[in-house]
Amino acid sequence: MTVLDSRVDSPDGDPEVLVNGTAATMPVVDDIGAGRGPSWLDGWLSASIGDIVSWYRHIHANPELSRQEFRTTQLLATMLHSAGLQPVIGPTGTGLICEVGTGDRCVALRADIDALPLQESTGLPFSSTVDGVAHSCGHDAHTTILLAAGLALASAPELPGRVRLIFQPAEETMPGGALDMIDAGALNGVERIFGLHCDPRVEVGRIGTRVGAITSATDLLELRLTSPGGHTSRPHLTADLVHALGTLITGLPALLSRRVDPRSGTVLVWGAVHAGEAPNAVPEEGLLRGTLRTGDHDVWEDMEPLVAGLVQSLMTPLGVGYELHHRRGVPPVVNDSESTAILRAGIESALGSDALAGTKQSSGGEDFGWYLEHVPGSFARLGVWPGDGVMRDLHQPTFQLDERALLTGIRVMVHTALTALAS
C-alpha cells in the first residue's frame with residue numbers, strides 16, 4: 001500500500017509516491033460500516049484506511065481544472081496499475097476507464113475528477129496548493145472513493161462479473177466530459193451505471209436517493225444587444241438599449257412562467273448584465289447572461305425554440321439589435337426505479353437500513369445525465385456533514401467534508417456493484 005505526499009512536484013515530474021513506513025503516522029478515521037462484510041472488503045478497508053485518507057488529502061491539495069487533469073489521471077493510472085489492473089486513459093489525456101473482474105455482465109461506477117476555479121479558504125493543513133483552484137465540490141472525494149472501491153474489488157477472491165470504473169474529466173464545464181467518455185466507449189456493454197455526489201445537507205453515514213429526476217437540465221443564455229446610441233435626453237431618436245435589457249431581464253422569465261408547466265421546475269436567473277458608463281448616454285452595446293434550468297426532460301427538449309421566439313417578441317417593438325446564444329448544457333439526471341432499488345439495496349447492505357434517506361430534486365446541473373441517456377442507472381447524495389456545526393455548501397471556498405464519508409462511499413459503491421451484478 002502507498003501513501004501520497006502532498007507535494008505538487010517531484011524530480012521526475014509526477015506526484016511523488018512514498019512507501020508507507022509506519023501505519024501509526026497515517027491519518028485514520030472511523031469506518032461507520034465496519035463489520036458488515038464481505039470479509040475481504042472489511043479486511044481491505046481495515047488495512048487501507050490511512051492510505052485512503054492520504055490519497056484524498058493529496059488530491060485535494062493538488063486540484064486541476066476541467067480538461068487539465070493530466071496529473072490526476074496519471075496518478076490514478078499508476079495506482080490502478082499497481083494493483084494489476086489495466087486502465088485506459090482517455091483520448092485527450094485526461095480521465096480513464098478501468099475494469100475489475102471478468103464475465104459477460106458489466107456495471108459501471110463513475111466519479112468526476114476536476115476542480116473549480118475558486119480560491120480555497122478552509123485553512124485545512126492540506127488546502128489547495130494551486131492558486132485560484134480548489135476542490136470545493138467534493139470531486140476529490142468522488143475520485144478517492146472510486147479509486148479505493150476499484151482497488152478493494154481487485155482484492156476480492158471472486159466477482160460475479162465486471163465492474164467498469166469511469167474517472168471522468170470536465171464535469172464542471174458544459175456540455176460536460178461525460179460526452180467524451182461515452183464517445184471513448186465508456187458505456188459499451190454496460191448494463192447499468194451508478195454514481196455518488198457529496199451533499200453537505202445530509203449527515204455522514206446516510207445516503208439520499210430518489211426515483212425520477214434528481215437534478216435539472218441546465219442551459220446558458222447570452223444576449224448581446226446593439227443600438228446606434230445617443231443622448232438620454234432624446235431616447236425617441238435612438239433605440240434605448242438599457243430599456244431593452246430591463247425588458248428582457250423581467251420579461252423573459254415572466255413569459256416563460258406562462259408558457260411552461262410550473263410543475264417542471266423551470267427557472268431563468270440572470271447572473272451578469274453590462275451596459276454603458278455615462279449616465280447621460282444611451283450605450284451602443286449591452287450584454288446579458290444567465291442560466292435556464294428545468295427538471296423536465298421534455299421541457300428541456302423544447303426550450304431552445306421557445307426562448308428564441310419569446311426574445312424576438314420582446315425585442316421587435318424596441319428596435320434594438322440582438323444576438324441570442326443559447327448554449328445547451330446537460331440533461332436532467334433521471335434515476336430509473338429498478339436501478340434505484342438496486343442502489344438502495346446496496347446502501348442497506350453496506351451501512352444498514354438507517355443509512356437510507358430521501359432527497360429532493362436539485363436545480364443544479366450534473367452531466368451524469370448524459371450517461372442515463374444511453375443506459376439505466378441511479379445517482380445518489382453522499383452525506384458529508386458531521387452532524388453538528390455549519391453546513392458548508394458546495395461551490396463555496398469554505399466547503400469541507402467529514403472524511404468518514406470516504407469510507408461510507410466506498411462501501412456503498414462496492415455493495416451496489418455487487419448487488420447489480422447479482423440481480
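**Core packing and local geometry**

In this predicted model, F167 contacts L76, L80, G95, L96, A111, I113, T143, L146, L147 and M181, leaving aside neighbours within four places in sequence. F167 is also one of the best-connected members of the largest nonpolar core: along with I52, L80 and I410, F167 touches the most other members of this 68-residue set. Helix α9 supplies the largest share of the core, 11 residues. Another core, of 24 residues, lies apart from it and includes A239, L288, L314 and M315. In soluble globular proteins, nonpolar side chains tend to be buried together.

Helix α9 spans residues 404-422 and contains A417. A417 is buried because its relative accessibility is 0%, under the 20% cut-off. Beyond residues up to four places away in sequence, A417 touches V107, L109 and V163. L351 lies 66 residues from A417 along the chain, and their C-alpha atoms are separated by 15 Å.

Helix α3 covers residues 139-154. Its 16 residues should span 22 Å at 1.5 Å a residue, and the end C-alpha atoms are 22 Å apart, so the two values agree. Of the 16 residues in α3, 15 are buried.

S339 sits in helix α7, residues 337-351. With a relative accessible area of 0%, S339 is buried. Its side chain nevertheless has polar partners. The side chain of R192 makes a polar contact with that of S339 at 2.7 Å. A polar atom of the S339 side chain also lies 3.4 Å from the backbone nitrogen of G377. Outside the four nearest places in sequence on either side, the contacts of S339 are R192, F194, P376, G377 and S378.

Several loops depart from common backbone geometry. Most residues other than glycine have a negative phi, and most peptide bonds are trans. The bond between G37 and P38 is cis, with omega about -5°. P38 lies in the loop between β2 (17-19) and α1 (39-61). A cis bond also joins M174 and P175, with omega about 5°. P175 belongs to the loop between β6 (162-168) and α4 (178-183).

The loop between β6 and α4 also holds A170. A170 is not a glycine, yet has a positive phi of about 60°. A170 is buried, at 0% relative accessible area. R67, likewise not a glycine, has a positive phi of about 70°. R67 lies in the loop between α1 and α2 (70-82). R67 counts as partly exposed because its relative accessibility is 37%.

Conventions
Residues are numbered from 1 along each chain as its sequence is written. This is a predicted model: local features need pLDDT of at least 70, side-chain atom pairs count only at pLDDT 80 or more; totals for chains, interfaces and linings use all residues. Side-chain values use heavy atoms; hydrogens and water are left out. Helices (H or I, at least four residues) and strands (E, at least two) are DSSP runs, numbered from the N terminus. Buried means under 20% relative accessible area, exposed over 50%, partly exposed in between (1.4 Å probe, protein chains only). A polar contact is a pair of N or O atoms within 3.5 Å; within protein, one must be able to donate a hydrogen and the other to accept it, and residues adjacent in sequence count only if both atoms are side-chain atoms. Contact means heavy atoms within 4.5 Å. The expected span of a helix is 1.5 Å times one less than its number of residues. A nonpolar core is a set of buried Ala, Val, Leu, Ile, Met, Phe, Trp, Tyr and Cys residues joined through side-chain atoms within 4.5 Å.
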